[in-house]
Amino acid sequence: DPGLSLFQEFNFTIGQWTVELDGPGKAGAAASHRHPVQSNITTDLDGCLIEEKLTGPQGYEARVFTNIRPIDEIWRRTYVDNQGLRVYLTGPRIHDGKIVLSGTMPTLGGGTRQVRATFERLGPNRFVQRWTREDRHGWTTLVTARYARR
């Protein structure tokens, strides 16, 4: 039943957005950090699926699929881009105004690292998505994506 409130928790992300990126990773992807990324987030399948289409400089594209399975109330998010990156995240329902999803991300050496993505609404026309990675010193910021409604 898409009318269940749990299906609405990511609805603050629906819309057309300009995304400003920053973080320690910007030296390796400077072009994507100098120019905003465009995001279009819509629903499908009677509101049970949230789909994000990202476009950026130099032909960058990504698709992100987010849904919640009502039986266990766990969010599932799959991020795939045209550079070969695929990240699968899961996490519980919204808590204290934030949704925190975790999973693994591939590393350049062929391994993986634990990552978290935190989503927080900042108002009706803004939200932030923060990616952190676990390393030997704890959690460090990979990128902060600030979404502003177009």
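Accessible areas here come from the Shrake-Rupley method with a 1.4 Å probe. By that yardstick, the protein exposes about 8,500 Å², and carbon and sulfur atoms supply 50% of it. Keep in mind that this is a predicted model.

## The overall layout

Let's start with the parts list. The protein has one helix and ten strands, and from the N terminus on they run β-α-β-β-β-β-β-β-β-β-β. Of its 150 residues, 34% count as buried. What about reach along the chain? Among contacts between residues at least 6 apart in sequence, 33% join residues at least 24 apart.

## Strand β4 and its two partners

Strand β4, residues 61–69, is a handy place to look closer. In a regular strand the side chains alternate between the two faces of the sheet. Here Ala 62, Val 64, Thr 66 and Ile 68 point to one face and are buried, while Glu 61, Arg 63, Phe 65, Asn 67 and Arg 69 point to the other and are not.

Which strands pair with β4? One is β3 (residues 49–55), which pairs with β4 in the antiparallel sense over six bridges; Leu 54 has Ala 62 as its bridge partner there. The hairpin of β3 and β4 has five residues between the strands, and Gln 58 takes a positive phi near 60°.

Strand β5 (residues 74–81) is also antiparallel to β4, over eight bridges, with Arg 63 standing opposite Val 80. This hairpin has four residues between its strands, and Glu 73 in the turn has a positive phi of about 55°.

## The nonpolar core

The largest nonpolar core has 31 residues, and Trp 131 and Tyr 147 touch the most other members. Strand β10 (residues 138–149) gives the most to this core, with four residues. Setting aside neighbours within four places in sequence, Trp 131 is in contact with a long list of residues, including Val 87, Leu 89, Met 105, Val 115, Thr 140 and Leu 142.

Two residues of β10 are worth a visit. Leu 142 sits in this strand; its relative accessible area is 17%, so it counts as buried, the cut-off being under 20%. Leu 142 and Arg 130 are twelve residues apart in sequence, and their C-alpha atoms are 7.8 Å apart in space.

Thr 144, also found in β10, is buried with a relative accessible area of 13%. Beyond residues up to four places away in sequence, Thr 144 touches Glu 20, Leu 21, Asp 22, Val 128, Gln 129 and Arg 130.

## The aromatic rings

The structure holds eight aromatic pairs. Two that share Phe 10 are set out below.

| Pair | Centre to centre | Angle between planes | Type |
|---|---|---|---|
| Phe 10 and Trp 75 | 4.8 Å | 80° | edge-to-face |
| Phe 10 and Phe 119 | 5.1 Å | 75° | edge-to-face |

Why does the pair of Phe 10 and Trp 75 tie together separate parts of the chain? Phe 10 lies in the segment before β1 (15–22) and Trp 75 in strand β5, so the parts joined are 65 residues apart in sequence. Phe 10 counts as buried, at 1% relative accessibility, and Trp 75 is buried at 2%.

Phe 119, the other partner, lies in strand β8 (residues 112–123), 109 residues from Phe 10. Phe 119 counts as buried too, at 1% relative accessibility.

Phe 10, Phe 12, Trp 17, Trp 75, Phe 119, Phe 127 and Tyr 147 form one aromatic cluster. Elsewhere, Arg 116 lies over the face of Trp 139, at 3.7 Å from the ring centre.

How values were computed. Residues are numbered from 1 along each chain as its sequence is written. This is a predicted model: local features need pLDDT of at least 70, side-chain atom pairs count only at pLDDT 80 or more; totals for chains, interfaces and linings use all residues. Side-chain values use heavy atoms; hydrogens and water are left out. A nonpolar core is a set of buried Ala, Val, Leu, Ile, Met, Phe, Trp, Tyr and Cys residues joined through side-chain atoms within 4.5 Å. Buried means under 20% relative accessible area, exposed over 50%, partly exposed in between (1.4 Å probe, protein chains only). Helices (H or I, at least four residues) and strands (E, at least two) are DSSP runs, numbered from the N terminus. Contact means heavy atoms within 4.5 Å. Two strands pair if DSSP finds at least two bridges between them. Rings of Phe, Tyr and Trp (its six-membered ring) pair if their centres lie within 6.5 Å; planes under 30 degrees apart count as stacked, over 60 as edge-to-face and the rest as tilted. A charge sits over a ring if NZ of Lys or CZ of Arg is within 6 Å of the ring centre and within 35 degrees of the ring normal.
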